[in-house]
Amino acid sequence: MAKRLSVIVSQAQGKNPAKRKLEEDIVAGLLFESGIDVTIVPNLYDIQADSTSLVALQGVGGNAVLCSWLFERAARWVLDRHGIHGQHGTVLLQAEDDEADEDEADDSDEPADDKDRVIDSRDLPNRKIYCLDLKASNSADEFIAEVKRIYSENQVQVVGLTDVLNAAPLPKVASQQAGDQNENGSAAGQAVVNRIEEKSGRRWYPVIDYSRCTNCMECIDFCLFGVYGVDRIDTILVEQPDNCRKGCPACSRVCPENAIMFPQHKTPAIAGSMDAAASLKIDLSQLFGAPAEGKSAEELAAIERDEQLVMAGRNAVGAKSSAGRSEISTSSKPDELDDLVDELNDLDI
Amino acid sequence: MSTVIFMMGEFEAEFPVDVRYADNHMWVRPIEGQANQFQFGFTAYAVRLLQDVYFLDWLLDAPVNLKNGQEIGSIESKKAESSLYAPAEGQLLTFNDELMDDPSAINVDKYGDGWLFTMKTNGSPNFMDAEAYLSYLEEVWVKTQRTIKGQLND
């Protein structure tokens with residue numbers, strides 16, 4: 001029997017009509033594919049621990065494709081954070097600035113050296129998770145084609161017993177099934193769509209990439225808000241995500257391995273970009289009051305931490321405490337400029 | 001409501017004279033009966049640069065104390081994106097929550113329902129009146145064009 005593939009669509013925050021249309025076009029396109037189940041949830045990063053969305057996500061079995069507006073690396077580790085673990089599935093549909101890269105894109109996201117990474121000590125379940133970055137294309141067809149490619153790839157794989165067991169259909173969760181998109185959906189063929197509509201506020205917390213993390217503890221030393229903790233075998237974890245200070249990415253800057261992501265941060269390197277994928281939009285910050293730039297990552301981290309300490313009614317500590325030795329690639333500025341041309345042509349001011 | 005106009009190329013940006021203006025292109029309206037409390041929103045100049053706003057995000061939870069120029073959030077539109085900065089020193093009281101799900105009021109009613117946040121400022125900052133803001137725009141219009149076009153040929 002053909003193995004079903006689960007597709008999860010994580011919606012964009014806010015109300016960007018182009019983004020919403022792409023999400024819906026992908027869902028509509030997948031409806032007529034056989035062997036595919038679709039789950040639509042609000043923004044993955046904002047999902048709360050006790051939410052219907054999380055129950056639905058955790059109920060998704062077998063190999064899964066996640067379509068989200070997060071960078072691939074961020075998406076994978078946000079899922080991991082939500083307790084959805086799996087092997088890294090290789091996605092071929094990537095953002096198009098690859099030709100500008102001097103070195104070819106590295107398929108695996110594990111750094112190539114001999115340091116011990118936290119992931120090396122973990123057993124991942126025998127399921128693959130493919131994270132598609134919806135920023136990679138404007139065309140729903142390209143995403144649909146990639147899902148179909150992954151579907152076929154999964155049909156020919158050698159399947160372990162646990163895989164089969166996990167590939168059960170979606171559990172019933174309290175959610176609204178989109179009636180208009182679900183006619184005839186029960187047969188073995190057509191897609192079943194499970195749409196979770198749930199309001200959730202915006203959240204802000206660090207997400208650890210355990211394929212990079214070496215458990216060095218710089219972050220737990222640096223953060224003075226008790227966000228980090230360790231598990232029973234002394235592995236670092238984000239223990240109290242909601243202690244995190246909204247907008248503060250300081251721990252990400254001090255992490256020597258760039259293993260800490262804030263998926264909603266405006267700097268691609270902090271948001272989990274693998275490369276310096278720059279925004280295609282015009283940056284108006286200098287007009288709207290941005291201060292002049294030119295600080296190192298450690299200086300910035302110390303300043304950001306002080307701002308948060310003062311806001312919380314505590315004393316600033318400056319650069320003392322172990323503001324690390326890392327350097328985050330500040331990157332992106334020059335390349336960004338090239339891509340603005342098209343946007344500017346129709347700006348007409 | 002009487003207004004003054006600044007020409008951004010062909011575009012007429014209108015500015016009501018009954019509010020004041022901050023140099024980060026926000027309008028400032030005193031809240032009646034509350035000393036040093038103000039409502040802030042984007043001016044027609046800012047909205048014209050942004051065009052259709054899709055997404056607004058604040059880095060802070062209100063209420064919160066702010067330094068002048070502190071980064072407080074970000075905005076993304078069809079054409080552009082920007083970080084947002086505090087227009088004055090003081091305490092930010094409330095954000096306009098209506099904008100979080102649907103920020104289109106910024107475009108539809110920029111001087112009304114599209115307001116961004118309220119603040120209690122420390123002292124009474126030197127906000128500009130409409131005429132002074134117009135002169136300020138004369139000054140920065142060149143820089144604005146350069147900033148936009150400069151991202152072409154840096």
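This tour moves through a predicted model, going from the contact between two chains to the sheet they share and then to salt bridges inside chain A.

**The contact between the chains**

Start by selecting chain A and chain B together and displaying the residues at their contact, to which chain B gives 43 residues and chain A gives 34 residues. Between them the two chains bury about 3800 Å², and 56% of that area lies on carbon and sulfur atoms. Across this interface there are 11 residue pairs in polar contact, with both residues at pLDDT 80 or more, and the count of salt bridges between chain B and chain A is three. For one salt bridge to inspect, select A:K266 and B:E71, whose side chains meet at 3.2 Å, N to O.

Next, keep chain B alone in view and colour the side that touches chain A by secondary structure: α1 (44-50), β6 (53-58), β7 (64-66), β8 (71-77), β9 (80-85), α2 (98-101) and α4 (130-150) of chain B each supply at least two of its residues. The largest share, six residues, comes from β9(B). If you recolour by residue class instead, this side of chain B divides into 18 nonpolar, 11 polar and 14 charged residues.

**A sheet built from both chains**

Stay on β9(B) and add residues 282-283 of chain A, which form strand β11; two bridges join this strand to β9(B), and the two run parallel. Within that pairing, A:D283 has B:E81 as its bridge partner in β9(B). Now bring in β8(B), which runs antiparallel to β9(B) and is joined to it by five bridges; here B:E76 is the residue standing opposite B:E81. With β6(B) also shown, the whole arrangement can be read as an open sheet of four strands with mixed pairing, in the order β11(A)-β9(B)-β8(B)-β6(B). The edge strands, each pairing on one side only, are β11 of chain A and β6 of chain B.

**Inside chain A**

Hide chain B and look at chain A as a whole, which has 349 residues, 48% of them buried, and contains 11 helices and 11 strands. Among the contacts in chain A with a separation of 6 or more, 74% are between residues 24 or more positions apart.

Over all chains the count comes to 17 salt bridges, and three pairs in chain A are worth selecting in turn. Begin with A:E23 and A:R20, whose side chains meet at 2.7 Å, N to O, in a salt bridge; both lie in helix α1 (residues 17-30) of chain A, three residues apart, about one turn of the helix. A:E23 is buried at 1% relative accessibility, whereas A:R20, at 29%, is partly exposed.

Move on to helix α4 (residues 140-155) of chain A, where A:R149 and A:E146 form a salt bridge at 2.9 Å, N to O; because they are three residues apart in this helix, about one helical turn separates them. A:R149 is partly exposed at 23% relative accessibility, while A:E146 is buried at 6%.

End with A:D209 and A:R73, a salt bridge at 2.6 Å, N to O. This pair links distant parts of the chain, 136 residues apart, with A:D209 in the loop between β7 (207-208) and α6 (218-222) and A:R73 in helix α3 (residues 72-81) of chain A. Both partners are buried, A:D209 with a relative accessible area of 0% and A:R73 with 2%. Add A:R212 to the selection, and you have one network in which salt bridges with shared partners join A:R73, A:D209 and A:R212.

Key
Residues numbered from 1 in each chain as written. Chains lettered and ligands numbered in written order. Predicted model: local features only at pLDDT ≥ 70, side-chain atom pairs only at ≥ 80, totals over all residues. Heavy atoms only, no water. Contact = heavy atoms within 4.5 Å. Buried area = accessible area lost by both parts, 1.4 Å probe. Salt bridge = Lys/Arg side-chain N within 4 Å of Asp/Glu carboxyl O. Polar contact = N/O pair within 3.5 Å; in protein donor to acceptor, adjacent residues only side chain to side chain. Nonpolar A, V, L, I, M, F, W, Y, C, P; charged D, E, K, R; others polar. Pairing = 2+ DSSP bridges. Buried < 20%, exposed > 50% of the residue type's maximum accessible area, 1.4 Å probe, protein only.
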